[in-house]
Amino acid sequence: LKTATIVKENNGYFICVTFASQSKNLYPTDENQAVGIDMGIACFLTDSNGCFVENPKHTKKYEARLRVKNRALARKKKGSNRFKKTKLELNCLHSKIANVRKDFSHKVSLKYIKENSLIVCEDLKVKNMIKFGNLSKSIADVSWSGFFDKLSYKSKLYEKIFVQVNPKYTSQKCNVCGHIAKENRLNQANFHCVSCGQLQNADFNAAKNILGEGMALNRQREAVACA
């Protein structure tokens, strides 16, 4: 045991403990077992094996309750006991949404750590994406950064490899012939290569490109390490 910290939050007191331990490969997998992951809004993610993980839309599930609590708080006199009580209830509801989001992220990240030796994602600048654009609220709700952080530390803990690659052209490149063009992406859902005629789901195509980039980058790192 290294440290123990008691923290007071809206819904009670919690103790956070830190232990010193060595990483162990508790979930051994074949070295060739690798997966590329494309993050999204309609689907939380799509991987290179063709698996689609549905976006749970945590905030939307509690939207009605949040609206009721916010209206109730607005009607209360600021500083009164009823105001403080309602504000505490609202804070507890926000904490619950955050906990549900973390729980979902933990379960999905651990699933990919258990099943693969190499996990590849895009190196997305999430903070910049949240600042601009009409999808900022949706991006914040799916918490891509939190998911990447969990994949990163769990890969170290269980002796797996986590790689993030440049997202440039991953959605416009055909994973079959390698042709890159804006015209390849028909819409948000479909990909049709204008060169070889390959037709498939756009996110699935991107996930395969991400995996290819990640495997190449990992081989480069291994070569440098050997040198």
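1. Starting with the outside: the accessible surface of the chain comes to about 14300 Å², and 53% of that belongs to carbon and sulfur atoms. The areas are from the Shrake-Rupley method with a 1.4 Å probe, and for residues only the protein chains shown count as cover. Keep in mind that this is a predicted model, where local features need pLDDT of at least 70 and side-chain atom pairs count only at pLDDT 80 or more, while totals for chains, interfaces and linings use all residues. Residues are numbered from 1 along each chain as its sequence is written, and side-chain values use heavy atoms, with hydrogens and water left out.

2. On to the overall layout. The chain has 7 helices and 9 strands; these are DSSP runs numbered from the N terminus, with helices being H or I of at least four residues and strands E of at least two. The C-alpha trace spans about 65 × 50 × 25 Å along its principal axes. Of the 227 residues in the chain, 33% are buried (buried is under 20% relative accessible area, exposed is over 50%, partly exposed is in between, with a 1.4 Å probe and protein chains only). Taking contacts (heavy atoms within 4.5 Å) between residues at least 6 apart in sequence, 60% join residues at least 24 apart.

3. Now helix α7, residues 202-226. Its 25 residues reach 37 Å from first C-alpha to last, close to the expected 36 Å at 1.5 Å a residue (the expected span is 1.5 Å times one less than the number of residues). Its buried residues include Ala-202, Phe-204, Ile-210, Leu-211 and Asn-218. Among the elements covering the buried residues of α7 are the strands β3 (34-39), β4 (43-47), β6 (118-122) and β7 (161-165). Asn-201 caps the N-terminal end of α7, with a side-chain oxygen 2.9 Å from the backbone nitrogen of Asp-203.

4. Asp-203 deserves a second look. Asp-203 is buried, at a relative accessible area of 19%, and its side chain meets that of Arg-185 in a salt bridge of 3.8 Å, N to O. This pair links distant parts of the chain, with Arg-185 in the loop between β7 and β8 and Asp-203 in helix α7, 18 residues apart. A salt bridge here is a side-chain nitrogen of Lys or Arg within 4 Å of a carboxyl oxygen of Asp or Glu, and the structure holds 7 of them.

5. Another of these pairs is Arg-101 with Asp-141, whose closest N and O atoms are 2.8 Å apart. Arg-101 lies in helix α3 (residues 81-115) and Asp-141 in helix α5 (residues 136-142), so the salt bridge ties together parts that are 40 residues apart in sequence. Both Arg-101 and Asp-141 are buried.

6. Helix α3 has a local pair too: the side chains of Lys-107 and Asp-103 form a salt bridge at 3.1 Å, N to O. They sit 4 residues apart in α3, which means about one helical turn between them. In general, an α-helix has 3.6 residues a turn, so residues three or four places apart point the same way. Lys-107 is exposed at 55% relative accessible area, whereas Asp-103 is partly exposed at 38%.

7. Last, the cysteines. The structure holds 0 disulfides (a disulfide being a pair of cysteine sulfur atoms within 2.5 Å). For Cys-16, the nearest cysteine sulfur is that of Cys-92, 20 Å away. Cys-16 is partly exposed, with 45% relative accessible area, and Cys-226 is exposed, at 71%.

Notes:
Polar contact = N/O pair within 3.5 Å; in protein donor to acceptor, adjacent residues only side chain to side chain.
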